[in-house]
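Dear colleague,

I am passing on the structure we spoke about, and I would be glad if you kept it open while reading the notes underneath.

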Amino acid sequence: MKTLVVVQARTGSSRLPGKVLMPLAGAPLLQRMVERLRAASTPSEIVVATTTEPADDPIVELCRSTDTRVFRGHPTDLLDRHYAAGVGARADAVVKIPSDCPLIDPAAIDRVISTFLSAADEWDFVSNLHPPTWPDGNDVEIFTMEALAVAHREANRPHEREHTTPFLWDQPERFRIGNVLWETGQDLSMTHRFTIDYPEDYRLIAATYDALWTPARPIFPLSDILRFLEAHPEVHRTNERFNGVNWYRHHPGELRTISHDMTRSPT
């Protein structure tokens with residue numbers, strides 16, 4: 001099975017423009033994130049899916065300079081961009097990882113993908129987001145190209161096109177859906193925020209890289225991040241006012257099916 005990891009990236013973020021190119025430990029954020037994706041052990045190809053807008057030319061240049069595959073697609077229809085990238089790569093399964101997760105743990109990627117691949121003929125969609133329990137910024141979703149094709153053909157609500165996967169995870173009665181919980185059983189999604197949307201997020205992430213990244217050990221695990229923040233509560237508090245700020249937490253009408261058992265074994 002050919003698995004394609006799609007990293008959606010653009011410079012035109014409304015809240016923090018150019019965030020994917022902001023520096024972390026001497027390199028652009030997107031480059032540091034791709035390094036962490038490459039550290040995952042599950043077999044996959046990586047493509048950065050950016051837009052056709054001229055403003056995103058620097059992303060293409062960065063990808064070429066770091067030998068990273070790049071795809072250019074629709075500026076706002078992320079569902080179309082993921083589908084076109086998957087078709088172009090002749091993928092059997094697509095992994096969606098947003099570019100605002102520069103502290104994503106390679107182990108999170110491995111756990112979600114391996115859960116899917118262990119019974120690939122029995123899953124349509126597996127993630128660690130429904131319900132979320134991992135520290136925010138460890139977002140991994142994997143789905144079959146067949147399911148993606150259905151969504152691409154039938155999804156018509158704006159949030160379904162913009163966010164790629166709601167058409168799938170909002171219909172567990174139609175699609176075979178699984179969820180990977182944080183390993184300890186705790187819910188860290190409301191207390192630890194490693195995604196980047198605001199300047200405060202960047203300050204926390206940059207401080208973490210400054211403390212933990214070294215040329216000899218460029219990939220530091222989530223356990224190290226958690227220990228660092230516990231030892232430095234002043235850093236942990238940097239973006240705490242945004243804890244739990246996720247678009248899908250605030251769309252109750254669109255989340256009507258999340259009460260279903262999303263951690264069941266495949267049938």
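The notes below take up aromatic pairs, then one helix, and then a single aspartate.

Please bear in mind throughout that this is a predicted model.

Aromatic pairs come to five in this model. In one of them, the rings of Trp134 and Trp182 have centres 5.0 Å apart and planes at 75°, and since planes over 60 degrees apart count as edge-to-face, the pair is classed that way. The two residues come from distant parts of the chain, 48 residues apart: Trp134 sits in the loop between strand 7 (125-127) and strand 8 (141-144), whereas Trp182 belongs to the loop between strand 9 (177-179) and helix 8 (199-212). Trp134 has a relative accessibility of 4% and therefore counts as buried, and Trp182, at 8%, is also buried.

Tyr198 and Phe242 form a stacked pair, with 3.9 Å from centre to centre and 5° between the planes. Because Tyr198 lies in the loop between strand 9 and helix 8 while Phe242 is in the segment after helix 10 (233-236), this pair ties together parts that are 44 residues apart in sequence. Phe242 counts as buried, with a relative accessibility of 9%. Another ring, that of Phe220, has Arg36 over its face, at 4.7 Å from the ring centre.

Turning to helix 3, its twelve residues (78-89) should span 16 Å at 1.5 Å a residue, and the end C-alpha atoms are indeed 16 Å apart, so the expected and modelled values agree. Which residues of helix 3 are buried? They are Leu78, Leu79, Arg81, His82, Ala85, Gly86 and Ala89, and because they cover an arc of only 165° around the axis, they lie on the same side of helix 3. In an α-helix there are 3.6 residues a turn, so residues three or four places apart point the same way. The buried residues of helix 3 pack against strand 1 (3-8), strand 4 (45-51), strand 5 (69-73) and strand 6 (93-98), as well as against helix 5 (145-154) and helix 6 (158-163).

At the N-terminal end of helix 3, Asp77 acts as a cap, with a side-chain oxygen 3.3 Å from the backbone nitrogen of Leu79, and the residue that follows the helix, Arg90, has a positive phi near 55°.

Finally, Asp201 is part of helix 8 and counts as buried, at 0% relative accessibility. Leaving aside residues up to four places away in sequence, Asp201 touches Arg193, Thr195, Ile196, Asn239 and Phe242, the last of which is the stacking partner of Tyr198.

With best wishes

Methods:
Residues are numbered from 1 along each chain as its sequence is written. This is a predicted model: local features need pLDDT of at least 70, side-chain atom pairs count only at pLDDT 80 or more; totals for chains, interfaces and linings use all residues. Side-chain values use heavy atoms; hydrogens and water are left out. Rings of Phe, Tyr and Trp (its six-membered ring) pair if their centres lie within 6.5 Å; planes under 30 degrees apart count as stacked, over 60 as edge-to-face and the rest as tilted. Helices (H or I, at least four residues) and strands (E, at least two) are DSSP runs, numbered from the N terminus. Buried means under 20% relative accessible area, exposed over 50%, partly exposed in between (1.4 Å probe, protein chains only). A charge sits over a ring if NZ of Lys or CZ of Arg is within 6 Å of the ring centre and within 35 degrees of the ring normal. The expected span of a helix is 1.5 Å times one less than its number of residues. The arc is that of the directions from the helix axis to the C-beta atoms. Contact means heavy atoms within 4.5 Å. A polar contact is a pair of N or O atoms within 3.5 Å; within protein, one must be able to donate a hydrogen and the other to accept it, and residues adjacent in sequence count only if both atoms are side-chain atoms.
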